[in-house]
Amino acid sequence: MNEQTITPLTPLISPIFETHNITVYMKREELNHPYIQGNKWHKLKFNIQEALIQHKTTLLTFGGAYSNHIAATAVAAQEAGLTSIGIIRGEELSKKPEKWSHTLKEAAKNGMVFLFISRSEYRNKSTNNALKQLETRFPDAYIIPEGGSNSLAVKGFQPLMQQIEEQCPDWTHLFSAVGTGATLAGIVKYASVKSKHLNHPRIILGVPVLKQGDYLRPQIKEWIAEPHVNSWQLLTDYHCGGYAKTPDDLLQQKATFEQAFGIPLDPIYTAKMMYAFYDQLKQNKIKPGSKVILLHTGGLQGNL
Ligand SMILES: *Cc1c(COP(=O)(O)O)cnc(C)c1O
(Lines give C-alpha, C1' and ligand atoms only; values in the text may rest on other atoms or scores of the structure.)
Protein backbone atom coordinates (compact mmCIF):
# COMPACT_ATOMS: atom_id res chain seq x y z
CA MET A 1 0.00 0.00 0.00
CA ASN A 2 0.99 3.61 -0.53
CA GLU A 3 2.41 5.70 2.29
CA GLN A 4 -0.16 7.40 4.48
CA THR A 5 -1.51 10.55 2.84
CA ILE A 6 -1.67 13.77 4.84
CA THR A 7 -5.32 14.75 4.42
CA PRO A 8 -6.69 18.23 5.11
CA LEU A 9 -8.32 19.23 8.37
CA THR A 10 -10.93 21.52 6.83
CA PRO A 11 -12.47 24.25 9.03
CA LEU A 12 -16.27 24.34 8.68
CA ILE A 13 -17.57 27.87 8.92
CA SER A 14 -21.21 28.35 9.88
CA PRO A 15 -23.26 30.90 11.85
CA ILE A 16 -24.56 28.07 14.08
CA PHE A 17 -21.03 27.23 15.19
CA GLU A 18 -20.31 30.91 15.82
CA THR A 19 -23.45 31.21 17.95
CA HIS A 20 -22.28 28.27 20.05
CA ASN A 21 -18.75 29.69 20.07
CA ILE A 22 -17.17 26.45 18.94
CA THR A 23 -14.66 25.62 16.21
CA VAL A 24 -15.45 22.69 13.92
CA TYR A 25 -13.17 20.82 11.54
CA MET A 26 -13.68 17.89 9.26
CA LYS A 27 -10.74 15.49 8.98
CA ARG A 28 -10.90 14.52 5.34
CA GLU A 29 -9.98 10.86 5.29
CA GLU A 30 -12.28 10.35 2.32
CA LEU A 31 -9.38 11.90 0.37
CA ASN A 32 -6.71 9.45 1.54
CA HIS A 33 -7.02 7.01 -1.37
CA PRO A 34 -9.36 6.97 -4.39
CA TYR A 35 -10.44 3.35 -3.79
CA ILE A 36 -9.14 2.12 -0.44
CA GLN A 37 -10.97 4.99 1.12
CA GLY A 38 -11.22 6.42 4.61
CA ASN A 39 -10.93 4.19 7.64
CA LYS A 40 -10.65 1.05 5.50
CA TRP A 41 -7.17 2.08 4.34
CA HIS A 42 -5.97 2.28 7.94
CA LYS A 43 -7.63 -1.01 8.87
CA LEU A 44 -6.07 -2.91 5.98
CA LYS A 45 -2.55 -1.52 6.16
CA PHE A 46 -1.08 -3.77 8.88
CA ASN A 47 -3.24 -6.73 7.86
CA ILE A 48 -1.70 -6.70 4.40
CA GLN A 49 1.75 -6.34 5.87
CA GLU A 50 1.02 -9.40 8.02
CA ALA A 51 -0.33 -11.39 5.04
CA LEU A 52 2.92 -10.71 3.19
CA ILE A 53 5.02 -11.67 6.23
CA GLN A 54 3.13 -14.97 6.38
CA HIS A 55 3.78 -15.50 2.64
CA LYS A 56 0.07 -15.71 1.91
CA THR A 57 -0.99 -15.10 -1.68
CA THR A 58 -4.67 -14.29 -1.14
CA LEU A 59 -6.77 -12.05 1.06
CA LEU A 60 -10.06 -13.64 2.07
CA THR A 61 -12.74 -11.61 3.76
CA PHE A 62 -16.49 -11.23 4.32
CA GLY A 63 -19.19 -8.68 3.60
CA GLY A 64 -22.58 -7.72 2.27
CA ALA A 65 -23.25 -6.63 -1.30
CA TYR A 66 -22.66 -2.94 -0.48
CA SER A 67 -19.69 -3.35 1.86
CA ASN A 68 -17.06 -0.61 1.72
CA HIS A 69 -14.65 -3.14 3.17
CA ILE A 70 -15.19 -5.54 0.25
CA ALA A 71 -14.56 -2.70 -2.23
CA ALA A 72 -11.39 -1.64 -0.41
CA THR A 73 -10.01 -5.16 0.06
CA ALA A 74 -10.26 -5.97 -3.66
CA VAL A 75 -8.16 -2.93 -4.57
CA ALA A 76 -5.73 -3.31 -1.67
CA ALA A 77 -5.06 -6.94 -2.59
CA GLN A 78 -4.47 -6.00 -6.20
CA GLU A 79 -2.05 -3.22 -5.21
CA ALA A 80 -0.15 -5.65 -2.99
CA GLY A 81 0.08 -8.31 -5.73
CA LEU A 82 -2.32 -10.64 -3.91
CA THR A 83 -5.50 -12.27 -5.14
CA SER A 84 -8.72 -11.79 -3.20
CA ILE A 85 -11.77 -13.81 -2.26
CA GLY A 86 -14.97 -12.23 -0.94
CA ILE A 87 -17.44 -14.35 1.01
CA ILE A 88 -20.67 -12.49 0.28
CA ARG A 89 -23.98 -12.65 2.16
CA GLY A 90 -26.83 -13.74 -0.13
CA GLU A 91 -26.63 -16.93 -2.17
CA GLU A 92 -29.34 -15.65 -4.54
CA LEU A 93 -26.69 -13.39 -6.13
CA SER A 94 -24.51 -16.27 -7.21
CA LYS A 95 -26.24 -16.99 -10.51
CA LYS A 96 -27.36 -13.43 -11.17
CA PRO A 97 -24.38 -11.17 -11.82
CA GLU A 98 -26.76 -8.69 -13.46
CA LYS A 99 -28.20 -8.10 -9.97
CA TRP A 100 -24.84 -7.31 -8.44
CA SER A 101 -24.39 -3.96 -6.72
CA HIS A 102 -21.92 -1.40 -8.04
CA THR A 103 -19.67 -2.48 -5.13
CA LEU A 104 -19.59 -6.12 -6.24
CA LYS A 105 -19.14 -5.28 -9.91
CA GLU A 106 -16.17 -3.03 -9.14
CA ALA A 107 -14.63 -5.58 -6.74
CA ALA A 108 -14.94 -8.25 -9.44
CA LYS A 109 -13.27 -5.91 -11.95
CA ASN A 110 -10.46 -5.52 -9.44
CA GLY A 111 -9.96 -9.25 -9.40
CA MET A 112 -12.02 -10.36 -6.41
CA VAL A 113 -13.58 -13.81 -6.68
CA PHE A 114 -16.84 -14.32 -4.78
CA LEU A 115 -18.32 -17.12 -2.79
CA PHE A 116 -21.98 -16.42 -2.11
CA ILE A 117 -23.45 -17.98 1.01
CA SER A 118 -26.88 -18.01 2.64
CA ARG A 119 -27.75 -15.62 5.42
CA SER A 120 -27.71 -18.38 8.02
CA GLU A 121 -24.32 -19.63 6.87
CA TYR A 122 -23.12 -16.03 6.93
CA ARG A 123 -24.22 -15.64 10.53
CA ASN A 124 -21.98 -18.57 11.48
CA LYS A 125 -19.00 -17.49 9.40
CA SER A 126 -16.76 -16.66 12.36
CA THR A 127 -17.23 -19.84 14.39
CA ASN A 128 -14.06 -21.86 14.89
CA ASN A 129 -15.51 -24.61 12.79
CA ALA A 130 -16.36 -22.38 9.83
CA LEU A 131 -12.94 -20.70 9.95
CA LYS A 132 -11.15 -24.09 10.08
CA GLN A 133 -13.04 -25.18 7.00
CA LEU A 134 -12.01 -22.02 5.15
CA GLU A 135 -8.38 -22.48 6.20
CA THR A 136 -8.42 -26.03 4.86
CA ARG A 137 -10.08 -25.02 1.63
CA PHE A 138 -7.91 -21.94 1.09
CA PRO A 139 -4.55 -22.66 2.73
CA ASP A 140 -2.84 -19.71 1.00
CA ALA A 141 -5.39 -17.18 2.19
CA TYR A 142 -4.94 -14.63 4.96
CA ILE A 143 -8.37 -14.32 6.55
CA ILE A 144 -9.59 -10.84 7.52
CA PRO A 145 -12.78 -10.57 9.62
CA GLU A 146 -15.91 -8.75 8.45
CA GLY A 147 -15.36 -5.00 8.20
CA GLY A 148 -11.60 -5.63 8.40
CA SER A 149 -11.87 -5.40 12.17
CA ASN A 150 -9.17 -6.99 14.33
CA SER A 151 -6.33 -5.80 16.53
CA LEU A 152 -4.07 -5.07 13.54
CA ALA A 153 -6.84 -2.84 12.17
CA VAL A 154 -6.97 -0.95 15.46
CA LYS A 155 -3.20 -0.40 15.35
CA GLY A 156 -3.60 1.21 11.93
CA PHE A 157 -5.05 4.35 13.54
CA GLN A 158 -1.89 5.29 15.43
CA PRO A 159 -0.35 7.30 12.57
CA LEU A 160 -3.70 8.93 11.80
CA MET A 161 -4.09 10.13 15.38
CA GLN A 162 -0.55 11.48 15.30
CA GLN A 163 -1.42 13.40 12.17
CA ILE A 164 -4.54 14.89 13.79
CA GLU A 165 -2.49 15.79 16.88
CA GLU A 166 -0.05 17.74 14.70
CA GLN A 167 -2.79 19.50 12.76
CA CYS A 168 -4.81 20.47 15.84
CA PRO A 169 -3.08 19.85 19.18
CA ASP A 170 -5.90 21.32 21.26
CA TRP A 171 -8.97 19.53 19.93
CA THR A 172 -11.58 18.70 22.56
CA HIS A 173 -14.16 16.50 20.81
CA LEU A 174 -13.88 13.93 18.06
CA PHE A 175 -16.92 12.34 16.39
CA SER A 176 -16.71 9.12 14.38
CA ALA A 177 -19.25 6.74 12.89
CA VAL A 178 -19.17 3.24 14.36
CA GLY A 179 -19.86 -0.08 12.63
CA THR A 180 -17.87 -2.77 14.42
CA GLY A 181 -16.10 -0.23 16.65
CA ALA A 182 -12.54 -1.06 15.55
CA THR A 183 -12.04 2.46 14.20
CA LEU A 184 -13.34 4.03 17.41
CA ALA A 185 -11.09 1.75 19.47
CA GLY A 186 -8.08 2.87 17.43
CA ILE A 187 -8.96 6.53 17.87
CA VAL A 188 -9.41 6.16 21.64
CA LYS A 189 -6.27 4.06 22.03
CA TYR A 190 -3.97 6.39 20.12
CA ALA A 191 -5.35 9.86 20.85
CA SER A 192 -2.92 11.41 23.30
CA VAL A 193 -4.44 11.91 26.72
CA LYS A 194 -4.83 15.52 27.80
CA SER A 195 -4.95 16.36 31.47
CA LYS A 196 -8.31 16.25 33.20
CA HIS A 197 -7.34 19.55 34.86
CA LEU A 198 -7.75 21.42 31.62
CA ASN A 199 -10.96 23.34 31.13
CA HIS A 200 -11.87 21.09 28.26
CA PRO A 201 -10.79 17.48 28.74
CA ARG A 202 -11.04 15.45 25.59
CA ILE A 203 -14.01 13.34 24.70
CA ILE A 204 -14.37 10.89 21.84
CA LEU A 205 -17.87 10.21 20.60
CA GLY A 206 -18.76 7.14 18.57
CA VAL A 207 -22.03 7.01 16.67
CA PRO A 208 -23.18 3.42 16.06
CA VAL A 209 -25.09 3.10 12.79
CA LEU A 210 -26.77 -0.09 13.99
CA LYS A 211 -29.56 -0.42 16.53
CA GLN A 212 -28.71 -1.04 20.18
CA GLY A 213 -25.07 -0.19 19.71
CA ASP A 214 -24.29 -0.79 23.38
CA TYR A 215 -23.47 -4.41 22.62
CA LEU A 216 -20.27 -3.16 20.96
CA ARG A 217 -18.82 -1.87 24.24
CA PRO A 218 -17.01 -5.02 25.52
CA GLN A 219 -15.34 -5.64 22.15
CA ILE A 220 -14.29 -1.99 21.87
CA LYS A 221 -12.81 -2.12 25.40
CA GLU A 222 -10.92 -5.28 24.53
CA TRP A 223 -9.49 -3.63 21.43
CA ILE A 224 -8.49 -0.48 23.33
CA ALA A 225 -6.70 -2.60 25.96
CA GLU A 226 -5.24 0.46 27.70
CA PRO A 227 -6.24 1.74 31.13
CA HIS A 228 -5.39 5.41 30.62
CA VAL A 229 -7.30 6.73 27.67
CA ASN A 230 -9.46 9.74 26.95
CA SER A 231 -13.09 9.33 27.93
CA TRP A 232 -15.29 7.96 25.18
CA GLN A 233 -19.00 7.43 24.69
CA LEU A 234 -21.29 5.64 22.32
CA LEU A 235 -24.19 7.83 21.23
CA THR A 236 -26.62 5.01 20.51
CA ASP A 237 -29.68 7.06 19.51
CA TYR A 238 -28.61 8.09 16.03
CA HIS A 239 -28.92 4.84 14.06
CA CYS A 240 -32.00 6.34 12.35
CA GLY A 241 -33.85 3.00 12.34
CA GLY A 242 -30.90 0.67 11.91
CA TYR A 243 -28.11 -0.32 9.56
CA ALA A 244 -28.55 1.12 6.04
CA LYS A 245 -31.86 2.72 7.05
CA THR A 246 -31.91 6.26 5.70
CA PRO A 247 -35.06 8.19 6.63
CA ASP A 248 -35.90 11.38 4.74
CA ASP A 249 -34.86 13.79 7.49
CA LEU A 250 -31.40 12.19 7.55
CA LEU A 251 -31.05 12.50 3.77
CA GLN A 252 -32.29 16.07 3.91
CA GLN A 253 -29.75 17.05 6.55
CA LYS A 254 -27.06 15.26 4.55
CA ALA A 255 -27.97 17.29 1.44
CA THR A 256 -27.98 20.54 3.44
CA PHE A 257 -24.54 19.77 4.85
CA GLU A 258 -23.14 18.85 1.44
CA GLN A 259 -24.46 22.06 -0.06
CA ALA A 260 -23.18 24.26 2.75
CA PHE A 261 -19.66 22.82 2.86
CA GLY A 262 -19.13 21.12 -0.50
CA ILE A 263 -18.10 17.88 1.20
CA PRO A 264 -19.94 14.71 0.12
CA LEU A 265 -21.09 12.29 2.85
CA ASP A 266 -22.29 8.71 2.60
CA PRO A 267 -25.78 7.91 3.89
CA ILE A 268 -24.85 4.84 5.96
CA TYR A 269 -22.03 6.12 8.16
CA THR A 270 -20.82 9.70 7.88
CA ALA A 271 -24.31 11.21 7.49
CA LYS A 272 -25.36 9.66 10.82
CA MET A 273 -22.18 10.92 12.50
CA MET A 274 -22.98 14.44 11.27
CA TYR A 275 -26.63 14.04 12.36
CA ALA A 276 -25.48 13.10 15.87
CA PHE A 277 -23.10 16.06 16.04
CA TYR A 278 -25.80 18.60 15.13
CA ASP A 279 -28.22 17.09 17.63
CA GLN A 280 -25.64 17.16 20.44
CA LEU A 281 -24.95 20.78 19.58
CA LYS A 282 -28.67 21.60 19.63
CA GLN A 283 -28.90 20.00 23.07
CA ASN A 284 -26.03 22.23 24.26
CA LYS A 285 -23.86 19.21 25.00
CA ILE A 286 -20.84 20.89 23.43
CA LYS A 287 -19.47 23.69 25.58
CA PRO A 288 -18.37 27.09 24.24
CA GLY A 289 -14.67 27.11 23.40
CA SER A 290 -14.71 23.49 22.20
CA LYS A 291 -12.71 22.42 19.16
CA VAL A 292 -14.60 19.65 17.45
CA ILE A 293 -13.21 17.25 14.86
CA LEU A 294 -15.66 15.34 12.68
CA LEU A 295 -13.87 12.35 11.18
CA HIS A 296 -14.85 11.65 7.58
CA THR A 297 -14.36 7.90 7.39
CA GLY A 298 -15.02 7.69 3.63
CA GLY A 299 -17.52 5.22 2.21
CA LEU A 300 -18.30 7.30 -0.86
CA GLN A 301 -18.16 4.29 -3.20
CA GLY A 302 -21.49 3.30 -1.64
CA ASN A 303 -23.11 6.40 -3.17
CA LEU A 304 -22.67 4.87 -6.63
C1 LIG B 1 -16.70 0.63 7.68
C2 LIG B 1 -17.02 2.05 7.93
C3 LIG B 1 -17.19 2.56 9.24
C4 LIG B 1 -17.20 1.67 10.46
O5 LIG B 1 -15.93 1.30 10.87
P6 LIG B 1 -15.76 0.30 12.10
O7 LIG B 1 -14.29 0.21 12.31
O8 LIG B 1 -16.31 -1.03 11.67
O9 LIG B 1 -16.50 0.82 13.26
C10 LIG B 1 -17.40 3.92 9.39
N11 LIG B 1 -17.47 4.75 8.31
C12 LIG B 1 -17.36 4.28 7.06
C13 LIG B 1 -17.49 5.24 5.94
C14 LIG B 1 -17.12 2.93 6.82
O15 LIG B 1 -17.01 2.49 5.56
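Which residue's side chain does glutamate 30 join in a polar contact of 2.6 Å? Select glutamate 30 and look for arginine 28: the two side chains meet in that 2.6 Å polar contact. Keep in mind throughout the tour that this is a predicted model.

**Stop 1: around glutamate 30**

Stay with glutamate 30 for a moment and colour by secondary structure. Glutamate 30 sits in the loop between strand 2 (23–28) and helix 2. Turn on a surface and try to find this residue: its relative accessible area is 5%, so glutamate 30 counts as buried, the limit being under 20%.

**Stop 2: the ligand**

Now select the ligand and show what lies around it. The shell holds 15 residues, and the closest are Lys40, Lys43, Thr180, Thr183 and Thr297. Colour the shell by residue type and you will find three nonpolar, 10 polar and two charged residues.

Next, display distances from the oxygen atoms of the ligand. Begin with lysine 43, where an N or O atom of the side chain is 2.6 Å from a ligand oxygen. Move on to asparagine 39: here a side-chain N or O atom is 2.9 Å from an oxygen of the ligand. Then show the backbone of glycine 179, where a polar atom lies 2.7 Å from a ligand oxygen.

How much of the ligand's 380 Å² does the protein bury? The ligand exposes that area when taken alone, and the protein buries 98% of it. To see which elements supply the shell, select helix 2 (39–53) and helix 9 (182–190); these are the elements that give two or more residues each. Helix 2 makes the largest contribution, with three residues.

**Stop 3: the annotated domain**

Zoom out and select residues 7–298. An unreviewed UniProt entry lists this range as "domain: Tryptophan synthase beta chain-like PALP". Within residues 7–298 the chain is 39% helix and 18% strand. Put a distance label between the two end C-alpha atoms of that range, and the viewer should show 12 Å.

**Stop 4: the aromatic rings**

Hide the ligand and show the rings of the aromatic residues. There are 11 aromatic pairs in the model. Go to phenylalanine 17 and tyrosine 278, a tilted pair with 6.0 Å from centre to centre and 35 degrees between the planes. Phenylalanine 17 belongs to helix 1 (residues 15–19) and tyrosine 278 to helix 12 (residues 270–282), so their pairing ties together parts that are 261 residues apart in sequence. Both partners are covered by the protein: phenylalanine 17 counts as buried at 2% relative accessibility, and tyrosine 278 counts as buried at 17%.

Now step to phenylalanine 277 and add phenylalanine 175. What kind of aromatic pair do phenylalanine 175 and phenylalanine 277 form? They are edge-to-face, 5.5 Å centre to centre with 75 degrees between the planes. This pair also links distant parts of the chain, with phenylalanine 175 in strand 7 (residues 173–178) and phenylalanine 277 in helix 12, 102 residues apart. The relative accessible area of phenylalanine 175 is 0%, which makes it buried, and phenylalanine 277 is buried with 0% as well.

Keep these rings on screen and add Phe257 and Phe261. Ring pairs join Phe17, Phe175, Phe257, Phe261, Phe277 and Tyr278 into a cluster.

**Stop 5: two distances across the chain**

Select threonine 58, in strand 3 (residues 58–63). Threonine 58 is buried, with a relative accessible area of 10%. Label the distance from its C-alpha atom to that of isoleucine 85: 7.2 Å, with their positions 27 residues apart along the chain.

For the next label, pick lysine 196, in the loop between helix 9 and strand 8 (203–208). Lysine 196 is exposed, at 68% relative accessible area. From its C-alpha atom to that of serine 120 is 47 Å, and the two residues are 76 apart in sequence.

**Stop 6: two positive phi angles**

Finish in the loops. Cysteine 240 has phi near 60 degrees, a positive value in a residue other than glycine. Find cysteine 240 in the loop between strand 9 (231–234) and helix 11 (248–261). Is cysteine 240 buried or exposed? With a relative accessible area of 14%, cysteine 240 is buried.

Last, select asparagine 284, in the loop between helix 12 and strand 10 (291–296). Its phi is near 55 degrees, again positive in a residue other than glycine. Asparagine 284 is exposed, with a relative accessible area of 58%.

Definitions and conventions. Residues numbered from 1 in each chain as written. Predicted model: local features only at pLDDT ≥ 70, side-chain atom pairs only at ≥ 80, totals over all residues. Heavy atoms only, no water. Near = heavy atom within 4 Å. Polar contact = N/O pair within 3.5 Å; in protein donor to acceptor, adjacent residues only side chain to side chain. Areas by Shrake-Rupley, 256 points an atom, 1.4 Å probe, with all protein chains shown as cover. Helix = DSSP H or I, 4+ residues; strand = E, 2+ residues; numbered from the N terminus. Nonpolar A, V, L, I, M, F, W, Y, C, P; charged D, E, K, R; others polar. UniProt positions renumbered as here; feature names shortened; annotations may be inferred. Phe/Tyr/Trp six-rings, centres within 6.5 Å; stacked < 30°, edge-to-face > 60°. Buried < 20%, exposed > 50% of the residue type's maximum accessible area, 1.4 Å probe, protein only.
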